Amino acid sequence: MFPINHSQKPTEPCISWVKNKLGTGKISIQPLPEHAHNQKNLYTITNSSTEKSYLLIETVDNTEACLKFIALAKQLKKNDILAPSIYFQQISKNRCWIITTHFGYETALDWLSKPHKADQRKQLINHCLYEIYRFQNQKIDYPVSNYNSLNRLAHMNLADEFFIQKLLKATNTEYNKEALAFIKQHINEQIEKIPTGLIHFDFHSANLMLLPKRTLGILDFQDMAIGPINYDLASLLTDHYYHHDEQEINQYIQQYYQKHLTNEQKKSLNEATFKESTMLVAVQRHLKNIGIFTRLFFNNKYHYIKHIPNMMHRLEHLCQNHHTLKYLPNILWSKKMKNLYINGITQHCTEQNCENIIDDLLTTVHTQKPKNTYIETT
């Protein structure tokens, strides 16, 4: 799912620091899959003497995010949320080194992508729903940002800036700019009506580690914010990495509403409105990610562009029964726009002298849904 750059390794000063902190010169270092955050690399560090493994995070020019990650990790542990323990840290103005718990290699996405029994799958999703509830009902003694109307609109506009304008180079005659602007404004106004609370902000199956005793390790929590109470639910159930069918999504939204919303929240949203608003949040999130993943492509993290077709597929399903949103998929992914997508990738890779990866990046253009849809076994 995510490529590994096997030639990637920590800087020499970082390696020396790790050896000093672990008290041994006998360590092995293996890079982990590429991360969406720029200037952030992850490694498995193993003490060859004890065979104990740790996660090493090395970042450049990302001090504020590292400090927030460390502070929130301690808060989450205090609240009995299974976040990594911070063993050692070295923070300076331009670089950060952190050694944390290594949660292993199997994410919820990895498990869902393999054949498994339907009842086991149901247990895992129910566990994830409960973890969303627990996460959102914590008390955090740390200032987190408010994911407000301006933030949401700015994130949706990333799709215009990077996908439509920079990658596709689409003109106003090639897509309906006015209709897209109206849809984004409608989404934003409707989300504004949803009750808010603490959210993880990126609660999807690739950020959930499967641990012994049926526990979940929670990753990538440094962007947590105050936002719509169904944001994490939308992230989990409508993620583009893994395809849940519509009936299943509706079932889990209903279940979450009935079991985990407070009476006060139910007064603000009836069940039907909660379901519709969850779909709107999901569409907003996909527009944001279409822009972010295209931006990553231009930052030389090329493989992220392969997820765009699956996002478009998910948008088609999310929007098909909504009177205002039903035109959105065709605005972004008409035959003409799809051809511009192919041309944009081809042109950029040619300019960057990486023509050898063009065919691979275009393998998902005609994907109808993610290949990792589960196979039920008996």
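Let me start with what covers the buried residues of helix α5, which includes α6 (177–191), α10 (271–298), α11 (308–319), α12 (328–333) and α13 (335–351). Please keep in mind throughout that this is a predicted model. The buried residues in question are R152, M156, L158, A159, D160, F162, F163, I164 and L167.

As for the helix itself, α5 takes in residues 149–167, and since 19 residues at 1.5 Å a residue should span 27 Å, the 26 Å that separates its end C-alpha atoms agrees with that expectation. There is nevertheless a bend of about 25° in α5, located at N157. At the N-terminal end, α5 is capped by N148, which places a side-chain oxygen 3.2 Å from the backbone nitrogen of L150. After α5 comes K169, and the phi of K169 is positive, near 50°.

Let me turn to α6, one of the helices in that cover. With 15 residues, α6 reaches 21 Å from its first C-alpha to its last, which is close to the 21 Å expected at 1.5 Å a residue. Its buried residues are L180, I183, K184, H186, I187, N188 and I191, and these pack against α5, β11, α10 and α12.

One residue of α10 ties this part of the picture together, and that is Q284, which lies in that helix. Is Q284 buried or exposed? Its relative accessible area is 1%, and because buried means under 20%, Q284 counts as buried. Leaving aside residues up to four places away in sequence, Q284 touches Y147, R152, H155, M156, I187, I191 and Y231. Of these, R152 and M156 are among the buried residues of α5, while I187 and I191 are among those of α6. Q284 and K184 are also worth pointing out, since they stand 100 residues apart in sequence and yet 7.8 Å apart in space, C-alpha to C-alpha.

Next, the sheets. Strand β11, against which buried residues of α6 pack, belongs to an open sheet of three strands, ordered β7-β11-β8, in which the pairing is mixed. The edges of this sheet are β7 (145–146) and β8, each of which pairs on one side only. On one side, β7 and β11 (residues 225–228) pair in the parallel sense over two bridges, with S145 opposite A225 and N146 opposite I226. On the other, β8 and β11 run antiparallel and are joined by four bridges, and here the bridge partner of I199 is A225.

Following β8, we reach the loop between β8 and β9, where F201 lies. F201 has a positive phi of about 90° although it is not a glycine, and for context, most residues other than glycine have a negative phi. At 11% relative accessibility, F201 counts as buried. The loop between β8 (196–199) and β9 (208–211) also holds S205, which is buried as well, with a relative accessible area of 6%. Not counting residues up to four places away in sequence, S205 touches T107, A108, L109, L112 and D239.

There is another open sheet, made of five strands in the order β1-β2-β3-β5-β4, and its pairing is antiparallel. Its edge strands are β1 (27–31) and β4 (86–91), each pairing on one side only, and on average neighbouring strands of this sheet are turned by 20° against each other, direction ignored. Within it, β2 (residues 40–47) and β3 (residues 53–60) pair in the antiparallel sense over seven bridges, and one of the partnerships is that of T46 with S53 in β3.

Two helices accompany this sheet. Helix α1 (residues 12–22) lies across β1, β2, β3, β4 and β5 (95–101), and it runs at about 40° to β5. Helix α2 (residues 63–78) packs on the sheet as well, touching β3, β4 and β5, and its direction makes about 155° with that of β4.

Finally, which residue in the loop between β3 and α2 deserves a look? That residue is D61, whose phi is near 55°, a positive value in a residue other than glycine. Whereas F201 counts as buried, D61 counts as exposed, at 57% relative accessibility.

Notes:
Residues numbered from 1 in each chain as written. Predicted model: local features only at pLDDT ≥ 70, side-chain atom pairs only at ≥ 80, totals over all residues. Heavy atoms only, no water. Pairing = 2+ DSSP bridges. Axes fitted to C-alpha atoms, helices over the stretch in contact; angles between N-to-C directions. Contact = heavy atoms within 4.5 Å. Buried < 20%, exposed > 50% of the residue type's maximum accessible area, 1.4 Å probe, protein only. Expected span 1.5 Å × (residues − 1). Bend = angle between axes of the 7 residues up to and from the residue. Polar contact = N/O pair within 3.5 Å; in protein donor to acceptor, adjacent residues only side chain to side chain.
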